[in-house]
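Work through the exercises below with the sequence and the coordinates at hand. Each task is followed by a solution in steps.

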Amino acid sequence: MTSDRLLGLGTITIALAYIAGATQIQIGFLSDPVGSRTFPYIVGGVAAICGAYIAFRPDQDPSWPNSRTFLRIGLALIVMYVFTQTLKPFGFLIPAAIASAALSYLISPRPMMAIAAGIGLSLGLFAIFNFGLGLSLSPFGRYFSG
Amino acid sequence: MKFYSRKGLMAGAVAGVLAVTGPAFSAECIAPANPGGGWDFTCRMIGKIMYDIGVADKPIQVTNMAGGGGGLAFSHVVNERNEDAELIVAASSATATRLAQNAYAGMTADQVRFLGAIGADPGVIVVAADSPYQSLNDLLDAVKADPTSVTFAGGSAAGGFDHLKVLMALGRAGFNDVTAVKYIGVDGGGDAITQTIGGHTQAMTGDMSEVVGFLAAGEVRVLAVFTEDRVPGFDDIPTATEQGIDIVSVNWRGLYVPLGISDTDYRKWSDALAAVAASDEWAEAMVANGLAPFTRVGDDFQDYVNGVILEIEELSREIGVIQ
Amino acid sequence: MELLANLSQGFAVALTPSTLLLAIAGCFLGTIIGSLPGLGPSNGVAILIPLAFSLGLDATEALVLMTSVYYGAMYGGRISSILLNIPGDEPALMTTLDGYPMAKQGRAGDALVLSGVASFVGAFLATVGLMLLAPILARVAYLFGPAEYFALYLLAFCTLGGLASKNQAKAALAAAIGLGIAMIGLDNQTGIPRLTFGEIHLMDGVDFLVAIVGLFAVSEIFMFIESHGRNTAIGVKLDKITIPFRDIVKSFPAMLRSTAIGFFAGVLPGAGASLGSFLAYMGEKAVARDKNSFGRGNPRGVAAPEAGNNAAAGGALVPMLTLGVPGSGTTAVLLALLLTLNITPGPLLFAERPEVVWGLIAALLISNVVLLIMNVPMVKLFVRLLSVPPWILLPGIMMVSFGGIYSLSGSGYDLVLMIVFGLFGYLFRKLDVPTVPIILGILLGNNMEDSLRRAMVISDGDWTYLFSSGICIGLWIAAIAGFVAPVFLKNLLQPPKPVED
């Protein structure tokens with residue numbers, strides 16, 4: 001109940017913000033009969049109505065995990081974010097190894113296996129991407145290759 | 001670890017298939033759009049010929065960097081690759097149009113060096129074969145009499161190059177109410193011509209290369225080509241100028257390089273481009289793709305681009321696309 | 001007879017030991033590219049174009065390689081859809097709906113074999129259609145103007161009512177979210193950015209691959225962490241792999257119907273493979289008696305979208321070859337390849353360059369047969385993926401997703417966006433908001449808006465233009481009668497639902 005009410009309220013808030021954003025869309029000198037703002041207004045409106053409906057007629061709450069599990073999901077998010085930010089400066093190999101190992105550890109807390117998985121995945125996938133598919137991933141990034 | 005070793009095997013097998021290649025490319029050509037468009041063609045074709053005729057010792061790697069109508073690649077070059085001597089970037093009239101209309105978030109044409117153009121796609125106005133409009137003036141007169149009676153279809157958004165060509169032609173014919181002209185931007189010239197043959201729109205504005213096949217099949221009539229002289233191979237298509245509408249507009253295909261490279265490197269690239277322009281392979285590619293010869297390389301080209309940008313800027317301000 | 005002569009000429013060009021080898025290599029590579037989340041057929045073909053040049057392939061060989069990669073990726077997309085609930089690419093989206101439930105029931109092998117056969121049927125018949133009807137079908141594209149396209153997209157969105165499981169409001173919300181995301185970026189009509197907040201990365205809008213990978217692959221990792229691996233297909237005890245003849249026979253009519261729908265969607269340049277598989281699935285569900293079993297592992301729900309999307313891939317070659325109009329990202333890349341080989345598609349291609357056209361058709365037939373032969377035995381290999389321990393598999397999925405998206409766009413921005421999509425995907429899945437309509441909204445939203453706005457420009461704002469042709473009216477009737485009305489009349493038309501277990 002509560003979850004859906006929150007979802008509904010969140011949706012309404014975002015939909016209103018979206019409509020507010022849409023009022024700021026520049027109209028060019030050559031405007032067509034429908035215009036640039038109509039569709040965003042309609043979409044925002046439909047979303048707000050759905051949000052209201054969901055808030056008033058909520059489904060049963062899903063079974064949310066306990067706080068420990070939430071913590072682990074949060075950690076996984078952080079691992080992914082750090083990975084995206086280190087990929088450019090440090091290249092693929094080292095960030096990928098660390099991120100895969102960390103994620104592996106979050107799924108199954110056995111350090112040695114996690115490290116092995118990290119190193120293996122990093123090297124294996126680098127080989128597949130670069131030599132197999134011809135995609136150019138930088139192995140070490142600008143800090144190491146100079 | 002069973003899975004992993006299998007993946008390794010797979011990678012080995014794949015690598016075996018592709019053993020001839022490797023990521024050992026040196027020079028890079030950025031096509032600022034997804035594969036399949038004109039910029040992509042420019043990079044792939046010029047890159048291929050440079051390697052084939054031996055002015056590049058390794059194949060030139062093509063990178064597609066779509067975003068912001070070329071703006072993402074432009075800012076990438078300006079901000080991150082300004083001294084990269086091994087980089088060329090595909091450009092066309094659309095690049096100049098967007099720079100003139102300040103569509104690249106404040107970046108300007110003098111932040112890169114234009115290298116050269118080695119072909120041009122003449123602008124055309126096309127109607128379906130069964131259309132009542134027989135000449136450019138028939139069509140323009142119809143718009144003048146009742147702007148709602150004609151919808152133009154083109155491959156660029158409103159205010160883009162294809163649209164501007166129509167407005168310029170109408171302006172030369174004495175019709176200046178630009179907001180009354182009906183224009184729809186569709187997904188490329190091929191789409192625009194399909195809509196016109198289908199009778200959903202009355203005329204198509206685009207480039208010669210986009211209509212060649214339909215012209216040969218007798219599905220369309222080209223009312224005018226926007227070149228100074230008639231295009232070789234299409235001698236029965238009149239120019240706009242000879243019909244009294246003084247407009248010359250071609251979509252050139254060319255390249256720019258980062259501003260920070262040395263004059264030696266700039267000359268190395270412009271010599272390579274000139275060699276491509278002179279090659280038989282390029283001549284063949286131009287014929288197959290409906291391009292007209294248009295070779296301007298080096299500083300001469302830089303002057304030309306500056307002139308074009310000024311002209312579009314003026315026109316865009318005149319009709320209100322920019323303030 | 002002329003047809004057979006043409007075809008044998010095509011095979012003479014396309015069937016040599018070296019091209020056969022290329023076809024096998026291409027099919028294999030394509031299958032892998034297609035099955036990796038984040039890499040789809042258009043990337044596959046684009047990646048391999050430089051390869052075709054550096055190998056010094058001639059026109060026929062290059063075409064054989066490209067078409068086999070194209071179809072390989074179309075076949076491959078289903079693998080991760082079925083096994084992991086992660087669509088390998090956007091046309092494989094609908095296959096997750098029934099394929100993944102089948103895998104959870106231990107029938108992953110059946111689902112893979114069945115979808116492989118369905119892919120073959122769709123692709124093979126589409127090639128036959130291309131061969132017999134291309135010049136005639138090319139004219140169909142002329143019939144579709146903005147009003148007709150708008151009605152077609154409307155039909156697609158109306159069918160969403162039939163997709164939603166329990167809560168229609170949540171399905172509608174999901175579609176609105178997708179549409180809302182689609183509006184971000186340059187307005188195709190005016191060229192002015194909308195809702196980008198000055199961010200240049202958003203100028204071209206949100207890439208649907210980023211959304212798919214985020215909503216499906218990244219959120220799957222969170223789901224797994226939460227559930228400790230319960231309620232997934234990973235580690236499920238698999239049935240012995242046999243060829244599911246009964247399912248194949250039972251869903252064969254579904255394959256044929258879906259092939260027709262998919263092929264038609266493919267022929268229309270504005271529609272494409274995703275719409276083909278979507279309409280095929282919804283159409284099959286609409287005519288089925290056992291509607292409730294769809295979404296819970298109904299074999300026909302696996303066969304229909306796979307036949308549909310592969311038929312659409314074949315159909316999309318019609319406008320590409322006869323009009324030079326690419327109907328999808330992949331055909332755009334193939335078109336670029338043809339142009340670089342100095343082959344200009346257009347109305348005269350069939351007459352002027354028969355060796356190219358018939359060589360291509362022969363290449364398509366060859367690669368489909370190769371794929372069928374390759375895919376059925378490889379099922380045994382694919383399903384082993386589910387016995388990989390999750391502490392290797394899930395980080396692997398994450399790395400493949402991130403690496404794939406990053407190596408193509410080179411943009412860290414897309415990766416962060418992907419994580420955001422992943423987080424929302426997790427929340428939506430918990431709250432029972434379906435994710436498929438979000439992707440559909442992103443894929444089709446701009447097209448729908450553009451076609452409406454173009455129609456209104458042409459008609460000077462006269463709404464009756466939307467019903468101005470027989471095609472329009474037919475599509476509107478199909479949308480309303482087939483999909484909107486049943487939602488409201490559901491209680492009257494159907495016996496009460498059996499109690500769910």
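**Exercise 1: burial of single residues**

Task: classify C:Ala25 as buried, partly exposed or exposed.

Solution. C:Ala25 has 19 other C-beta atoms within 10 Å, so it is partly exposed. The cut-offs are these: 20 or more other C-beta atoms within 10 Å of its own make a residue buried, 12 or fewer make it exposed, and anything in between is partly exposed, with C-beta atoms placed from the backbone. C:Ala25 sits in helix α2 (residues 17-35) of chain C. Helices here are DSSP runs of H or I with at least four residues, strands are runs of E with at least two, and both are numbered from the N terminus. For a distance check, the C-alpha atoms of C:Ala25 and C:Leu173, 148 residues apart along the chain, are separated by 44 Å.

The model is predicted: local features need pLDDT of at least 70, side-chain atom pairs count only at pLDDT 80 or more, and totals for chains, interfaces and linings use all residues. Residues are numbered from 1 along each chain as its sequence is written, while chains are lettered from A and ligands numbered from 1 in the order in which they are written.

Task: do the same for A:Ser67, and state where it lies.

Solution. A:Ser67 belongs to helix α3 (residues 67-90) of chain A. With 9 other C-beta atoms within 10 Å, A:Ser67 is exposed. Its C-alpha atom is separated by 20 Å from that of A:Ser104, 37 residues apart along the chain.

**Exercise 2: positive phi**

Task: place C:Asn85 and C:Asp432, give their phi values, and state their burial.

Solution. Most residues other than glycine have a negative phi. Step one: C:Asn85 has a positive phi near 65 degrees, and lies in the loop between α4 (59-84) and α5 (95-104) of chain C. C:Asn85 is buried, with 23 other C-beta atoms within 10 Å. Step two: C:Asp432, which is not a glycine, has a positive phi of about 65 degrees. C:Asp432 is in the loop between α18 and α19 of chain C and, with 17 C-beta neighbours inside 10 Å, is partly exposed.

**Exercise 3: helix geometry**

Task: compare the end-to-end distance of helix α16 (residues 354-383) of chain C with the expected span, and locate its kink.

Solution. The expected span is 1.5 Å times one less than the number of residues. For the 30 residues of α16(C) this gives 44 Å, and the end C-alpha atoms are 42 Å apart, which agrees. A kink of about 45 degrees is centred on C:Pro377; the bend at a residue is the angle between axes fitted to the seven residues ending there and the seven starting there.

Task: repeat the comparison for helix α6 (residues 161-172) of chain B, and say how enclosed it is.

Solution. The 12 residues of α6(B) reach 16 Å from first C-alpha to last, close to the 16 Å expected. Of these 12 residues, 10 are buried, so α6(B) is largely enclosed by the rest of the structure. The buried residues include B:Phe161, B:Asp162, B:His163 and B:Lys165. After the helix comes B:Gly174, with a positive phi near 90 degrees.

**Exercise 4: the nonpolar core**

Task: give the number of residues in the largest nonpolar core and name those with the most contacts inside it.

Solution. A nonpolar core is a set of buried Ala, Val, Leu, Ile, Met, Phe, Trp, Tyr and Cys residues joined through C-beta atoms within 7 Å. The largest has 336 residues, and B:Val126 and C:Ile439 have the most contacts inside it. Helix α6 (residues 108-143) of chain C gives the largest share, 18 residues. Leaving aside neighbours within four places in sequence, B:Val126 is in contact (C-beta atoms, placed from the backbone, within 7 Å) with residues including B:Ile193, B:Met204, B:Val211 and B:Arg221.

**Exercise 5: chain C against chain A**

Task: count the residues on each side of the contact and name the helix of chain C that gives the most.

Solution. Chain C supplies 52 residues and chain A 58. On the chain C side, α17(C) gives the most, 13 residues. That side divides into 34 nonpolar, nine polar and nine charged residues. Here Ala, Val, Leu, Ile, Met, Phe, Trp, Tyr, Cys and Pro count as nonpolar, Asp, Glu, Lys and Arg as charged, and the others, Gly among them, as polar.

Conventions
Two residues are in contact if their C-beta atoms, placed from the backbone, lie within 7 Å.
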